[in-house]
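Colleague: Could you walk me through this model, step by step?

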Amino acid sequence: MQRGLSILCNRIHTDDHICVSGIGYQTALNLASRGCKIIMADVADMEKSKLDIIKFTNNPNIFAKHLDLSSLKSVRDFASEILKSEDKLDILINNAGVGVAKNNRTGDGLHPVMQVNYFGHFLLTHLLIGLLKKSASGRIVFTSSLLAFINNLSLKNLNFDCQEPKRFDRFFMYGNSKLSMIMAADTFAEKLKGTGVTVTSVHPGLVKTPIFASRNVFFEMFVWLIQCVLGRDPWEGSQVVVHAAVSRKLEGMTGEFLGKCVPCRKPSKAYNEELCKDIWEASEFYMPRLYNRQTNKACWTADNLVAAIAAVRSGRAVREVSRTFEIPRSTIQKRMKNNHTEGPSLGRLPVFSKVEEKQLAAHVLKISKLFYGVSRLEIKKCAYDYAEKNNLRCPFNNEKKSAGDDWLCGFLRRNPSVVLRKPEPTSINRITAFNKEQVSLFFKNLYHILTKYKCKECRIFNTDETGISTVQKPGKILAQKGVKQVGFATSWERGRNITVVCAFSASGIYVPPMFIYGRKRMHPLLKKGGPPGAAYCCSDKGWITEELFIQYLKHFQEFVKASLDDPVLLIMDNHSTHCTLEAYVFCKANGIILLTIPPHTSHRLQPLDVTFYGPLKTAFNTECSKYLKNHAHEKITPFEIAELFSNAYMRVATLEKAVKGFQVTGIWPYNPDIFSEEDFAAADLHNVNITPVDQQERLEAEVASEPNSTTETSFEDILPLPGPSQPKRETIKRRQSKKQTSQIITSTPNKDVLIAKSNKKVKKKEINRRVEAVKKKLLLDDNNQKDVTKAKRVKLQRCAKRRSYNDSRNSDEYSNDEDDEDKDKNVVYQDICLVCGEFGKNNEIWLRCVSCGNWAHKACAAVETKDDYICDYCT
């Protein structure tokens with residue numbers, strides 16, 4: 001045998017023991033004495049063994065490398081290192097093995113005994129075949145065992161994946177792994193015929209090694225006793241391995257099973273060709289999908305194939321075209337016959353067919369559009385359930401009942417339309433409000449205004465408020481990998497909110513913003529560095545109010561110069577501060593047409609929300625982060641907000657964002673069909689007016705329109721579309737508020753509604769004023785009669801403790817009792833009637849409004865029943 005490179009997966013390795021003088025060590029010692037260059041691979045440190053072999057044989061070409069067969073990543077890393085450092089490989093000896101294992105699964109989801117004894121060698125041999133073919137007479141040796149004859153190997157328990165394993169199945173695991181080695185050797189021998197590489201499997205007999213060492217003392221003593229009586233020493237056991245690796249008598253002989261250096265009979269299952277084929281294919285499925293190609297096979301593209309087919313059809317010879325485009329002649333002929341012009345497809349087939357994967361991808365996208373998207377865990381469990389129910393062979397984890405990450409990565413790679421995204425929280429109100437009826441009404445109102453007033457894009461504006469804070473949201477930064485928490489400096493734990501009102505037109509004209517600070521008085525420094533022409537004002541909570549909206553309309557009018565002859569359309573949301581009589585009067589007089597969008601639809605119909613506010617807040621957070629870096633240990637206060645916002649506003653307020661905002665919402669150019677039926681599907685799902693029968697018919701129609709699968713159970717059965725639940729029994733009658741819609745606020749019919757709303761507010765303010773006056777008078781009288789200590793105990797709330805809405809009487813009807821007044825004569829209760837404004841007398845019946853919680857005399861309320869009383873101010 002010619003001297004060359006030998007790789008030996010040498011020592012017998014278990015979880016707790018390393019046999020230094022086992023079969024692997026003796027084999028390496030024998031080959032080293034013959035002058036071979038040897039690479040010993042093991043999971044443990046082999047430096048001492050390497051030095052011993054060099055000392056005994058005087059052969060310096062002995063190397064030790066790390067290889068953990070229980071990790072497929074380690075196998076790939078080891079093979080990659082060998083491929084980079086070596087030009088050829090003469091002998092590969094797959095000798096390592098374990099007898100027992102503590103864990104039930106490795107990190108790759110495989111059984112430890114099967115992975116170390118079989119799957120690791122299977123993968124390593126695949127990765128190093130290229131180097132073996134470069135040798136003049138490469139050899140592969142698989143070390144099996146006599147226990148291969150004691151097995152119960154089948155396709156179902158190859159990886160010990162049985163859902164209900166039998167009691168003694170684990171005792172056959174070692175024999176199954178060694179039988180798999182014999183089957184793999186036979187299949188490798190068949191596939192490598194004609195390449196000069198011979199494959200042999202051997203059994204060394206019963207050798208005295210601690211391969212079955214375990215924590216079970218009785219089992220270990222039993223194995224030791226058998227080895228002492230019948231076993232041979234490791235040197236004798238290594239002779240058959242060395243014979244298979246270097247004997248000249250075996251040249252040209254492949255697929256043999258050697259025992260005592262002579263061919264012998266294999267286990268009966270090794271002769272079952274169908275089982276061997278199934279085990280081989282299943283083993284390929286268990287390998288990860290991250291294979292690094294070692295050849296340039298099938299590097300042509302679909303465009304090259306199309307050009308090649310066109311050249312052949314134009315009259316050129318197939319062989320000439322094959323050489324020109326570097327595409328196999330048979331491939332060109334086959335693709336021409338089948339009219340198939342897709343790119344090459346290499347490797348193993350996926351678990352599901354293309355039709356099934358397209359079905360799954362379409363179903364996942366459909367669920368995501370309904371705002372109930374599928375997570376990584378859910379889709380992996382769905383794939384497992386689908387394969388299980390349809391009896392599809394798959395390498396999925398039966399213990400976790402889930403597909404693996406490798407399958408998910410492959411699925412996403414084959415279906416690029418499906419990606420992993422972080423969803424934005426979307427309330428049920430937003431989902432249900434964006435329906436076809438509401439959106440159609442908005443576009444109907446918009447069309448009415450555009451046709452009546454002939455508005456151009458420069459006279460169509462959108463305004464809306466947004467909030468900015470003194471505490472920014474930091475963006476992603478570079479930091480050390482593996483650190484659990486990475487921080488970034490902010491000014492406060494909880495920031496102060498400032499409201500900013502912005503507006504732009506469909507032609508890209510921006511109105512200077514207005515800042516609303518949460519304070520009582522304005523300070524000149526709050527305007528420092530703000531955008532040119534901006535307005536500044538204050539409110540108690542930093543929010544916009546009815547008075548401040550009128551102030552903003554004046555600010556808006558100052559820049560747009562609207563008039564009755566040249567009106568301006570202003571689109572906004574229907575917040576209560578916007579829909580007032582004062583706003584109606586001002587806009588009507590100045591030629592401003594107010595159109596509101598439906599409630600909870602600003603994420604789709606508000607141009608500012610769609611294209612502007614997102615980039616603006618990102619830029620503002622960046623400016624805040626820059627400020628903190630340049631001003632270490634200084635905090636951002638409301639006095640710096642205007643300047644920081646101005647820097648972000650100047651950078652983000654571009655013509656493109658304004659024009660695009662109106663375009664994608666369908667406002668300008670006017671496009672009422674901008675939203676498809678799919679956009680309204682989520683709202684239809686929550687629509688209570690759809691009966692279960694209609695819902696089922698609609699879902700069946702959608703499923704019928706998709707390509708049908710040949711299997712019985714579909715992905716829709718495993719991941720059903722979310723649907724309306726069964727209606728619950730109504731136990732409490734709740735007052736339904738009036739449903740809001742898109743409105744033209746400045747239209748004449750809307751004036752009466754605004755006047756009634758204004759009168760109602762004035763009346764309610766008058767009632768509150770009278771109540772406060774009575775409270776004040778009562779407090780003054782009480783202070784004159786009682787000392788200061790008792791006056792502090794006066795309860796100014798409206799019978800909050802005596803007349804709780806959920807008191808033990810479970811009734812809205814309440815009568816004063818004389819005994820209650822005697823309990824604490826120093827406490828004055830504010831029982832003020834909403835209608836007459838007077839205090840109650842003892843034994844009078846009171847009613848409480850279920851809407852606002854205020855009280856009224858039953859006689860003043862003039863109602864027949866005491867249940868679900870609603871006062872005049874709330875009706």
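**The chain as a whole**

Modeller: The accessible surface of the chain comes to about 48,400 Å². Carbon and sulfur atoms hold 52% of that surface. Keep in mind that this is a predicted model.

Colleague: How many helices and strands does the chain have?

Modeller: Helices and strands are counted along the chain. The count gives 29 helices and 17 strands.

Colleague: What share of the residues is buried?

Modeller: Buried means under 20% relative accessible area. The chain has 875 residues. The buried share of them is 45%.

Colleague: Take contacts with a separation of 6 or more; what share comes from residues 24 or more positions apart?

Modeller: Contact means heavy atoms within 4.5 Å. Among contacts with a separation of 6 or more, residues 24 or more positions apart account for 73%.

**Two strands and a helix**

Colleague: In which sense do strands E2 and E3 pair, parallel or antiparallel?

Modeller: Strand E2 covers residues 37-42, and strand E3 covers residues 62-66. They pair over 5 bridges. The sense is parallel.

Colleague: Which helix does the chain pass through from E2 to E3?

Modeller: The path is a β-α-β crossover, and it is right-handed. Its helix spans residues 47-57. That helix is H2.

Colleague: Which residue in E3 stands opposite Ile38?

Modeller: Look across from Ile38 to strand E3. The residue opposite is Ile62.

**Salt bridges**

Colleague: How many salt bridges does a search of the whole structure find?

Modeller: Side chains of opposite charge can pair when their charged atoms come close. A search of the whole structure gives a total of 21.

Colleague: Lys50 and Glu47 meet in a salt bridge. About how far apart are they along helix H2?

Modeller: Their side chains meet at 3.1 Å, N to O. Lys50 and Glu47 are 3 residues apart in helix H2, so the separation is about one helical turn.

Colleague: Is Lys50 buried or exposed?

Modeller: The cut-off for buried is under 20%. Lys50 has a relative accessible area of 17%, so Lys50 is buried.

Colleague: How many residues apart in sequence are the parts that Glu281 and Arg393 tie together?

Modeller: The side chains of Glu281 and Arg393 meet in a salt bridge at 2.8 Å, N to O. Glu281 lies in helix H8, and Arg393 in the loop between helix H13 and helix H14, so the pair ties together parts whose separation in sequence is 112 residues.

Colleague: Which of the two helices, H12 or H14, holds Glu357?

Modeller: Arg414 and Glu357 meet in a salt bridge at 2.8 Å, N to O. The two are 57 residues apart, and Arg414 is in helix H14. Glu357 is in helix H12.

Colleague: What is the relative accessible area of Glu357?

Modeller: Its partner Arg414 is partly exposed, at 37%. Glu357 is buried. Its relative accessible area is 5%.

**A serine in a loop**

Colleague: Where does Ser144 lie?

Modeller: Strand E5 covers 139-143, and helix H5 covers 173-191. Ser144 lies in the loop between E5 and H5.

Colleague: Which residue has its backbone oxygen 3.1 Å from a polar atom of the Ser144 side chain?

Modeller: Ser144 is buried, with a relative accessible area of 3%. Ser144 touches several residues, including Ile182, Val202 and Phe257. The backbone oxygen at 3.1 Å belongs to Lys178.

Definitions and conventions: Residues are numbered from 1 along each chain as its sequence is written. This is a predicted model: local features need pLDDT of at least 70, side-chain atom pairs count only at pLDDT 80 or more; totals for chains, interfaces and linings use all residues. Side-chain values use heavy atoms; hydrogens and water are left out. Two strands pair if DSSP finds at least two bridges between them. Helices (H or I, at least four residues) and strands (E, at least two) are DSSP runs, numbered from the N terminus. A crossover is right-handed if, with the strands pointing away from the viewer, the path from the first strand over the helix to the second runs clockwise. A salt bridge is a side-chain nitrogen of Lys or Arg within 4 Å of a carboxyl oxygen of Asp or Glu. Buried means under 20% relative accessible area, exposed over 50%, partly exposed in between (1.4 Å probe, protein chains only). Accessible areas come from the Shrake-Rupley method with a 1.4 Å probe; for residues, only the protein chains shown count as cover. A polar contact is a pair of N or O atoms within 3.5 Å; within protein, one must be able to donate a hydrogen and the other to accept it, and residues adjacent in sequence count only if both atoms are side-chain atoms. Lists of a residue's contacts leave out its neighbours within four places in sequence.
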